[in-house]
Amino acid sequence: MPTTPLSRDASGAIITVSGLSKTYATGHAALKDVSFDIRRGEIFALLGPNGAGKTTLISIVCGLVNATSGEVRVDGHHIVDDYRAARATIGLVPQELTTDSFETVWATVSFSRGLFGKKANPAFVEQVLKSLSLWDKKDAKIMTLSGGMKRRVMIAKALAHEPQVLFLDEPSAGVDVELRRDMWRLVRELRQSGVTIILTTHYLEEAEEMADRIGVITKGELMLVEEKATLMRRLGRKELTVELVAPLARVPEALAPFELRLSPGGTHLTYTYETRTSGAEAEGETRSIADLLALLSAEGIAFKDLHTEQSSLEEIFVSLVRRAS
């Protein structure tokens, strides 16, 4: 993909959401005083259960839905007062497949470029189609394509006008493994070229792998926005599992402070502990494990293997949502 020129301060926020609320005519409050920034050039994952307000938030930022209160600025442009400039900065790939079934791939992608006032650029359209493995389908009518290919066309349409910001709302929904792999390769390439990516996904392992920062929203309220690595350390848990040489009938009293779990059959002991962010806490954590191993030795309990596991983003997310419900 060609490098997208960056405007304004390349180190600052490209999207600023301030005090955003949305209440529908039914009285349903879809968003409640949401405020956060999205940094230029990052991959930001917006996570939340169904009905949390993710799509409403994206729709407001993209100018498709009016907020009840608050404001949004995209690259310095007010999404209402300066709609055309703000919207031209954004590419949107919605959840639903909405394409003109009787148009060809080439025509619909080229038309999307023209909608934003961009001059015709067949070379650029060709590059977009090739990057999404659509070039051999350029003359095919949309109605003849598979669901996965239609999803690729939606992404091509969103990229046609060279946006600085790309929203991917559940881009992996209903697509095959090959398309998912191609999609994330393209996302990485776009980020390297300076495009800011905001995605929502139910595949939390993808968010864990791809995102720089994570936002969690539930019941219309933004629970947190945090660096992914910091979030994983702060809210994650680790488990140390000790594989014993000989099975135990019970955990010795001397080991009670560690609250160990003994596996069925008595062949494994599991120690669960919080991950730490500071040097002092991490050092104490290491000491604690060393103390556990020393106590095992003192109790005459021999072990033949150790391994650790850390909480996944999915486990952290589920814990946060449960806490809020």
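A residue counts as buried here when its relative accessible area is under 20%. By that yardstick, and keeping in mind that the model is predicted, Lys54, Thr56, Leu57, Ile58, Ser59, Ile60 and Val61 of helix 1 are buried. That makes seven of the eight residues in the helix, so helix 1 is mostly covered. Just past its end sits glycine 63, with a positive phi of about 80°.

What does helix 1 pack on? Helix 1, spanning residues 54-61, packs on a sheet and touches strand 1 (13-23), strand 2 and strand 4. Its direction makes about 120° with that of strand 1. The sheet in question is an open one with four strands, running 2-1-4-5 in order, and the pairing is antiparallel. Strand 2 (29-39) and strand 5 (77-78) sit at the edges, each pairing on one side only. Strand 5 is joined to strand 4 (residues 69-74) by two bridges in the antiparallel sense, and arginine 73 stands opposite histidine 78 of strand 5.

Strand 9 is another covered element. Six of the six residues in this strand (residues 213-218) are buried, and the cover extends to both faces: Arg213, Gly215 and Ile217 lie on one side, with Ile214, Val216 and Thr218 on the other. Strand 9 pairs with strand 3 (residues 43-47) in the parallel sense, over four bridges. It also pairs with strand 10 (residues 221-227), this time in the antiparallel sense and over six bridges. Isoleucine 214 takes part in both pairings: alanine 45 stands opposite isoleucine 214, and glutamate 226 is the bridge partner of isoleucine 214 in strand 10. Strands 9 and 10 make a hairpin with two residues between them, and lysine 219 in the turn has a positive phi of about 55°.

Now for the helices further along the chain. Helix 3 (residues 105-115) packs against helix 5 (residues 147-159) at an angle of about 30°, and the two axes are 7 Å apart. Angles under 35 degrees count as roughly parallel, and helix 3 and helix 5 are therefore roughly parallel to each other. Their crossing is right-handed. On the helix 3 side, the contact is made by Val105, Thr108, Val109 and Ser112, while helix 5 brings in Val153, Ala156 and Lys157. Sorted by class, the contact comes to four nonpolar, two polar and one charged residues.

Backbone angles deserve a word too. Most residues other than glycine have a negative phi. Against that background, which phi values do serine 133 and glutamate 162 take? Serine 133 has a positive phi near 55°, and glutamate 162 has a positive phi near 60°. Serine 133 belongs to the loop between helix 4 (122-131) and helix 5, whereas glutamate 162 is found in the loop between helix 5 and strand 7 (165-169). How does the accessible area place them? At 37% relative accessible area, serine 133 is partly exposed. Glutamate 162, at 28%, is partly exposed as well.

Terms used
Residues numbered from 1 in each chain as written. Predicted model: local features only at pLDDT ≥ 70, side-chain atom pairs only at ≥ 80, totals over all residues. Heavy atoms only, no water. Pairing = 2+ DSSP bridges. Contact = heavy atoms within 4.5 Å. Axes fitted to C-alpha atoms, helices over the stretch in contact; angles between N-to-C directions. Parallel < 35°, antiparallel > 145°, perpendicular 65-115°, else oblique. Left-handed = near helix turned anticlockwise from the far one by under 90°. Nonpolar A, V, L, I, M, F, W, Y, C, P; charged D, E, K, R; others polar. Buried < 20%, exposed > 50% of the residue type's maximum accessible area, 1.4 Å probe, protein only.
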